[in-house]
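This briefing accompanies the sequence and model shown below. It proceeds from overall architecture to individual residues.

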Amino acid sequence: MEHKGWFYYLLMGILAILCIFGIMTFLKNIHHNFWWRWIYIFGGSYVLFDLFAIAAGLEFWHKLILQMYDISASYRNILWILFIIMGGAVFVPGIKLLKDMNK
């Protein structure tokens, strides 16, 4: 994370472009979206913020990321639990949609 080369910036660019296209597609079809597609706009917005915070070198975000991997930090578990909850909030509807699709 400390040594960002061309590959790192290439991945950041690809992620940003995909998120922007996803949000544009969502907004273009706003009246035809199913309820679960809101996950994409919130997830895409989060990823764009994350990429911006890293690229802009926001100090609080850099500290947060470093603290996530600091095994001696007492609040490390709270940070990871929040990310697990976010992942679960997407995983559970995803499983439901897969079951509905296979019926």
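A residue is called buried when its relative accessible area is under 20%, exposed when that area is over 50%, and partly exposed in between. With a relative accessibility of 36%, serine 45 is therefore classed as partly exposed. The structure is a predicted model, and its protein chain contains four helices and zero strands.

**Overall architecture**

- Read from the N terminus, the order of elements in the protein chain is α-α-α-α.
- The radius of gyration of the protein chain is 17 Å, whereas a compact globule of 103 residues would have a value near 13 Å.
- The C-alpha trace of the protein chain extends over about 45 × 30 × 20 Å along its principal axes.
- Of the contacts in the protein chain with a separation of 6 or more, 44% are between residues 24 or more positions apart.

**Surface, burial and charge**

- Of the 103 residues in the protein chain, 19% are buried.
- The protein chain has an accessible surface of about 8200 Å², and carbon and sulfur atoms contribute 74% of that surface.
- The protein chain carries 8 positive and 5 negative charges, and the mean positions of these two sets lie 15 Å apart.

**Helix H3 and its buried side**

- Helix H3 comprises residues 59-68, and its buried residues are Trp61, Leu64, Ile65 and Met68.
- These buried residues lie on the same side of H3, because they cover an arc of only 95° around the axis.
- An α-helix has 3.6 residues a turn, so residues three or four places apart point the same way.
- Two helices receive the buried residues of H3 as packing partners: helix H2 (38-56) and helix H4 (76-102).

**Helix H1: cysteine 19 and isoleucine 20**

- Cysteine 19 is located in helix H1, and its relative accessibility of 12% places cysteine 19 in the buried class.
- Leaving aside residues up to four places away in sequence, cysteine 19 touches Gly44, Val47 and Leu48.
- From cysteine 19 to phenylalanine 52 the C-alpha to C-alpha distance is 12 Å, with their positions 33 residues apart in sequence.
- Isoleucine 20 also belongs to helix H1, which covers residues 6-28.
- Isoleucine 20 has a relative accessibility of 40% and so counts as partly exposed.
- Isoleucine 20 and histidine 31 are eleven residues apart in sequence, and their C-alpha atoms are 19 Å apart.

**Helix H2: serine 45**

- Serine 45 is situated in helix H2.
- Which distance separates serine 45 and isoleucine 20 in space, C-alpha to C-alpha? The two C-alpha atoms are 8.6 Å apart, while the residues are 25 apart in sequence.
- Serine 45, at 36% relative accessibility, and isoleucine 20, at 40%, are each partly exposed.

Technical notes: Residues numbered from 1 in each chain as written. Predicted model: local features only at pLDDT ≥ 70, side-chain atom pairs only at ≥ 80, totals over all residues. Heavy atoms only, no water. Rg over C-alpha atoms; globule rule 2.2 N^0.38 Å. Buried < 20%, exposed > 50% of the residue type's maximum accessible area, 1.4 Å probe, protein only. Contact = heavy atoms within 4.5 Å. Areas by Shrake-Rupley, 256 points an atom, 1.4 Å probe, with all protein chains shown as cover. Lys, Arg positive; Asp, Glu negative; His and termini not counted. Charge placed at Lys NZ, Arg CZ, Asp CG, Glu CD. Arc of directions from axis to C-beta.
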